[in-house]
Amino acid sequence: MPLLKVVDRDGKEHDVEAKSGLKVMETLRELDYGIAAICGGMCSCATCHIYIDAAWAAKLPPAMSDERELLSELSHHKDTSRLSCQVEMTDALAGMRVTIAPDE
Ligand code: FES
């Protein structure tokens, strides 16, 4: 299982085994310090908001228009923002570092 580096809302970094082939959200919502993912991955709640480290951001497929639209409405939106329910974990992304965004 590929490793994911997860920075929680207190700034602490954790090494987490992610599930390849599943959305990053599926891994993050199982963590005590993780995300709520209220809509279950329907791209409608934005409670799965994360920041992808710049070195990794370009390796991901670009966000689709519905994801971009939702992200643009968030007050904590940054250039490296993604909805983790729209990002698939793969072996090629092993070691990717993500930061859980503040609550809206
Ligand atoms: S889980 Fe709701 S938008 Fe990602």
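**Positive phi values in the loop before strand β3, and the pairing of β3**

In this predicted model, C43 is found in the loop that lies between helix α1 (24–28) and strand β3. Although C43 is not a glycine, its phi is positive, at about 60°. Most residues other than glycine have a negative phi. With 16 other C-beta atoms within 10 Å, C43 is partly exposed, because this count falls between the limit of 12 or fewer for an exposed residue and that of 20 or more for a buried one.

A46 likewise belongs to the loop between α1 and β3, and A46 also has a positive phi, of about 65°, without being a glycine. The surroundings of A46 are described by a count of 22 other C-beta atoms within 10 Å, and A46 is therefore buried. The loop between α1 and β3 thus contains C43, which is partly exposed, as well as A46, which is buried.

Strand β3, which comprises residues 49–52, runs antiparallel to strand β4, residues 81–83, and three bridges join the two strands. Within this pairing, Y51 of β3 is placed opposite S81 in β4. Strand β3 is also paired with strand β5, residues 96–100, again in the antiparallel sense and over three bridges. Here the bridge partner of I52 is V98, a residue of β5. Strand β3 is accordingly paired with β4 and with β5, and the residues that illustrate these contacts include Y51, set against S81, and I52, set against V98.

Technical notes:
Residues numbered from 1 in each chain as written. Predicted model: local features only at pLDDT ≥ 70, side-chain atom pairs only at ≥ 80, totals over all residues. Pairing = 2+ DSSP bridges. Helix = DSSP H or I, 4+ residues; strand = E, 2+ residues; numbered from the N terminus.
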